[in-house]
Amino acid sequence: MWYFDNDYLEGAHPEILKCLTETNLEQTPGYGEDHYCAAAKDKIRTACGCPGADIYFTVGGTQTNALVIDSLLHSYEGVISAQTGHVNAHEAGAIEFTGHKVLSLPHYQGKISAADLSDYLKKFWKDENREHMVFPGMVYISHPTEYGTLYTKDELSALSDLCRAYRIPLYLDGARLGYGLMSRSTDVTLPDIAKYCDVFYIGGTKVGALFGEAVVFTHQNTPAHFTALLKQHGALLAKGRMLGIQFDTLFTNGLYFQISAHAIDMAERLKEMFLKKGYELFMDSPTNQQFIILENDFIQELQKKVSFSYWEPLDGHRSVVRFATSWATTKEQLDALEALI
């Protein structure tokens, strides 16, 4: 079998495993108070161009979203998201489990528009019954989106301006951030994200780490006693240096960006491969997730030898499927897939 289901099928980049092995018998303080975490935070601040950023390490994406959203909202507030947003569609109600409603907006290839957000906020604050409603307390976006699409710098700026006008934070889910930053089509950099977003996270689980995400608060807006909140949400790792070592490695000599660029190279080749064979794209994703339209009968046949993600039905005889590349995808894997299609 050849596997293209997602971008976290493999373990970790060899450099990370090497560093974890070399430091295995060192004794360090727990809970992220070690020098590896400190070094990783300094490197991330430099990469973000945000020397005053507060950074915290967590273990996984759903846990991070639930923690950040819950910590920034009052009990009567919800979070605005695209209908297709990860927190709305693929996290088993984790946000609602914390007591906060996800307030969904229409999506355009996975993204929300500033116009729709403005309309929603204006209508809410003009509604005389708003005290009986869930207040919009923050805005959630992901970059890349669930469809592998990206916000432009202008789109981020417009969303940021609206959030600041209404005094609510803009939160960016960066589970696949490396793949978005290294896309050949993007005009958004890591310092841009730090500039326009009040909080975001840099994904490690899907970009070369064994596990781990780095939460970045950019505007001196870290919730009070955030370490206690980390603990309450089960997100404070006792062996915190395991996260620090991984992110210190990823942000040394540009490794995070190099391995992300490799995944983009592989995705572009995969896309060209399908197009060359006459297959259609559901949408032209510029990142490592590629959405292909296939005949249902062919899907069943191909699944005997290749593993990929079923996404959604298209019509009576065709469906959309997703092929994902990663930092570890090889040319040999793509050669094998090309032979099969």
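Buried here means under 20% relative accessible area, exposed means over 50%, and partly exposed is anything in between, using a 1.4 Å probe and protein chains only. This is a predicted model: local features need pLDDT of at least 70, side-chain atom pairs count only at pLDDT 80 or more, and totals for chains, interfaces and linings use all residues. Residues are numbered from 1 along each chain as its sequence is written, and side-chain values use heavy atoms, with hydrogens and water left out.

Start by selecting Phe 124, which is buried because its relative accessibility is 3%. Add Trp 125, partly exposed at 39%. Phe 124 and Trp 125 make an edge-to-face aromatic pair, 5.2 Å centre to centre with 85° between the planes. (Rings of Phe, Tyr and Trp, the last by its six-membered ring, pair if their centres lie within 6.5 Å; planes under 30 degrees apart are stacked, over 60 edge-to-face, the rest tilted.)

There are 21 aromatic pairs in the structure. Try Tyr 56 and Phe 217 next: the ring centres are 6.3 Å apart and the planes sit at 80°, so this pair is edge-to-face. Tyr 56 is in strand 2 (residues 54–58) and Phe 217 in strand 8 (residues 213–217), 161 residues apart. Strands (E, at least two residues) and helices (H or I, at least four) are DSSP runs, numbered from the N terminus. Both Tyr 56 and Phe 217 are buried. For an aromatic cluster, select Phe 4, Phe 274, Tyr 279, Phe 298, Phe 308 and Phe 323.

Now for the inside. A nonpolar core is a set of buried Ala, Val, Leu, Ile, Met, Phe, Trp, Tyr and Cys residues joined through side-chain atoms within 4.5 Å. The largest one has 55 residues, and Ile 44, Phe 200 and Ile 202 touch the most other members. Centre on Phe 200: beyond its neighbours within four places in sequence, its contacts (heavy atoms within 4.5 Å) include Cys 48, Tyr 171, Leu 190 and Val 216. Apart from the largest core lies another, of 22 residues, with Tyr 56, Ala 66, Tyr 140 and Leu 230 among them.

Last, check the backbone. Most residues other than glycine have a negative phi, and most peptide bonds are trans. The bond from His 143 to Pro 144 is cis, with omega near 5°; find Pro 144 in the loop between strand 5 (135–142) and helix 7 (153–165). Then jump to Gln 109, whose phi is positive at about 50°, in the loop between strand 4 (102–105) and helix 6 (114–126). Finish at His 225, with a positive phi of about 55°, which counts as exposed because its relative accessibility is 68%.
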